[in-house]
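Here's a quick look at how some rings and helices sit together in this model. Pull up the structure and follow along.

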Amino acid sequence: MCILIFIVYILFFPQDAVTAATDGLVLWYERVLPSLLPFAILSNILIYSGFTGYLVKLLYPLLRLILPASRNGSFVLLSGFLFGFPMGSKNCAEMLKCGQLEYQEAEILFMVTNNISPVFISSYILCQELHMPSLIPLSYLVIFLPPLIAGRLLFFFTEKKQSVSNHSTTYKKPASGSQINFKIIDAGIMNGFETLTRLGGYIMLFSMISSMFRLLPLPETTKLMLTGLTEITNGIKAASQSPLTPACRYLLAMTFTAFGGCSGLAQTSSMIKGTGLSIKKYGIFKLLMTLITAVLAWSVVTLVYPSAFLPVCLP
């Protein structure tokens, strides 16, 4: 039924469908591809060459204070929070396949580290769309603090915490030689392009679904919520252009960002395919983090905009 409705939308509203598909592909080409492809290729090369441990050797004592993961797990933590979604789930899945992570540790890390990148939050959301650059430090806390605290709690209550913390890699490094090294580089490049191409397809598809929601005979606020929960980029843009107060725009933008959208769930599911990691647990974790982030964002709003009455400004 969903596929049939989607086909009817394309046939009867071809201009809207083509425009939405174009917007999704332009977003992927101009923002996602150049920002994530180099990191995707580099991460693959580091993982399959076995040099991730050397990379985080100096930073491991500090990273361990943030989250009690293994050295390989610290690389997932570092890459996930710096490079942004979906590099956290992708690197976690790749290292699990290589035997560089135990399943129990990977199950925690792929949920905790799969967040929107700080660059996207500061540049696109707060500067370009909301025009609130002064809220960048507080917004980092609102988005990243809940999953980090949840991650520490999950590690604490994990029965195999000690074995995970002392886990050493079981991945055998490839033998030295330029031929093998070039094979690793070639595989890393192809894997990076395959990953980003798949992401482009999901972004285009969910951009069209968001456009379809905007044609429904529903209140504007309802359509805004559906758009943001489907695909966050379109949702944040719609929120910034809405007649809502700045306080409400910020609250909605942070809530959409914490959830990541149904598009994010689909992209994450494609990243962990074949690993046994549960997308259902990830979805439940994301919903919980979204609720906590919404409460924290509301606290920031009341601090910056003390006269904003949120229940009133959401019609």
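## Aromatic rings

Start with a small group: Phe 6, Tyr 9 and Phe 13 form a cluster joined by ring pairs. Keep in mind that this is a predicted model. Across the structure there are 7 aromatic pairs.

## Two long-range pairs

A pair of aromatic rings is described by the distance of the centres and the angle of the planes. Take Phe 81 and Phe 144: the ring centres are 5.5 Å apart and the planes sit at 70°, so this pair is edge-to-face. It ties together distant parts of the chain, with Phe 81 in helix 5 and Phe 144 in helix 9 (residues 136–156), 63 residues apart. Both of these Phe residues are buried.

Phe 110 and Tyr 282 have their ring centres 5.4 Å apart and their planes at 25°, so they count as stacked. Here, too, distant parts of the chain are linked: Phe 110 belongs to helix 7 (residues 103–112) and Tyr 282 to helix 16 (residues 279–304), 172 residues apart. Phe 110 and Tyr 282 are both buried.

## Helix 5 against helix 6

Helix 5 (residues 71–83) packs on helix 6 (residues 87–98) at an angle of about 155°, and the axes are 8 Å apart. Angles over 145 degrees count as roughly antiparallel, so that's the label for helix 5 relative to helix 6. Their crossing is right-handed.

Which residues of helix 5 and helix 6 make the contact? Helix 5 brings Asn 72, Phe 75, Val 76, Ser 79, Gly 80 and Phe 83, while helix 6 offers Met 87, Gly 88, Asn 91, Cys 92 and Met 95. Sorted by class, this contact has 6 nonpolar and 5 polar residues, with no charged ones.

Notes:
Residues are numbered from 1 along each chain as its sequence is written. This is a predicted model: local features need pLDDT of at least 70, side-chain atom pairs count only at pLDDT 80 or more; totals for chains, interfaces and linings use all residues. Side-chain values use heavy atoms; hydrogens and water are left out. Axes are lines fitted to C-alpha atoms, for helices over the stretch in contact, and angles run from 0 to 180 degrees between N-to-C directions. Helices (H or I, at least four residues) and strands (E, at least two) are DSSP runs, numbered from the N terminus. Angles under 35 degrees count as roughly parallel, over 145 as roughly antiparallel, 65 to 115 as roughly perpendicular and the rest as oblique. A crossing is left-handed if the near helix is turned anticlockwise from the far one by less than a right angle, and right-handed if clockwise. Contact means heavy atoms within 4.5 Å. Ala, Val, Leu, Ile, Met, Phe, Trp, Tyr, Cys and Pro count as nonpolar, Asp, Glu, Lys and Arg as charged, and the others, Gly among them, as polar. Rings of Phe, Tyr and Trp (its six-membered ring) pair if their centres lie within 6.5 Å; planes under 30 degrees apart count as stacked, over 60 as edge-to-face and the rest as tilted. Buried means under 20% relative accessible area, exposed over 50%, partly exposed in between (1.4 Å probe, protein chains only).
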